[in-house]
Each structure stands twice: as C-alpha cells, then as structure tokens.
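Visitor: I should be grateful for a close look at a single part of this model, namely its nonpolar core and the surroundings of that core.

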Amino acid sequence: MCDVKKYSKIYKDIKKLQPEDTLQLVMEAEDTEEQRFYELIGNFLLQQKQKQVIERNLF
C-alpha cells in the first residue's frame, strides 16, 4: 500500500505552486515525460483559478 499521508502532503504542496513555479519546473525537467507532467499540473492549477473567478462572477 502507498503512503497516503506522503501523497496528501505532496498534493497540498503542489496546490501552492505559482504559474512561474510550474514554468520553471517545465523548463528544468529532465525529459519530455517530466515536462508534460508539470504542464498538466500547471494547466490543472490554472483551471482551478479560472473556476474560482467564474464562481465569483469576476469574469
């Protein structure tokens, strides 16, 4: 079984990333697969922020 607490902490840390952080991760990734992984995270975080803006009727 996996260490759920460990991955829960990773999730919480990832949610704190700023767009420039994910860009840096993409740029410094060791290979294409790692780049795509960080791009997915960046897109997910952007979508979450967009959702919040729409829910608040700020857009």
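Guide: In this predicted model, the largest nonpolar core consists of five residues, namely Val-26, Ala-29, Tyr-38, Ile-41 and Leu-45. Helix 3, which spans residues 32–55, gives the most to this core, contributing three residues. As general background, nonpolar side chains in soluble globular proteins tend to be buried together.

Tyr-38 repays particular attention. This core member is found in helix 3. Tyr-38 counts as buried because its relative accessible area is 18%, under the 20% limit. Leaving aside residues up to four places away in sequence, Tyr-38 touches Thr-22, Leu-25, Val-26 and Ala-29. Two of these partners, Val-26 and Ala-29, also belong to the core. The contact with Ala-29 may equally be described from the other side: with the same exclusion of sequence neighbours, Ala-29 touches Glu-34 and Gln-35 as well as Tyr-38.

The ring of Tyr-38 has a further partner. The structure holds one aromatic pair, and Phe-37 and Tyr-38 form it in an edge-to-face arrangement, with 5.5 Å from centre to centre and 70° between the planes. The arrangement is classed as edge-to-face because the angle between the planes is over 60 degrees. The two residues are not alike in exposure: Phe-37 is partly exposed, with a relative accessible area of 46%, whereas Tyr-38 is buried.

Finally, a reference point along the chain may be given for Tyr-38. Lys-12 and Tyr-38 are 26 residues apart in sequence, and their C-alpha atoms are 15 Å apart in space.

Key: Residues are numbered from 1 along each chain as its sequence is written. This is a predicted model: local features need pLDDT of at least 70, side-chain atom pairs count only at pLDDT 80 or more; totals for chains, interfaces and linings use all residues. Side-chain values use heavy atoms; hydrogens and water are left out. A nonpolar core is a set of buried Ala, Val, Leu, Ile, Met, Phe, Trp, Tyr and Cys residues joined through side-chain atoms within 4.5 Å. Buried means under 20% relative accessible area, exposed over 50%, partly exposed in between (1.4 Å probe, protein chains only). Helices (H or I, at least four residues) and strands (E, at least two) are DSSP runs, numbered from the N terminus. Contact means heavy atoms within 4.5 Å. Rings of Phe, Tyr and Trp (its six-membered ring) pair if their centres lie within 6.5 Å; planes under 30 degrees apart count as stacked, over 60 as edge-to-face and the rest as tilted.
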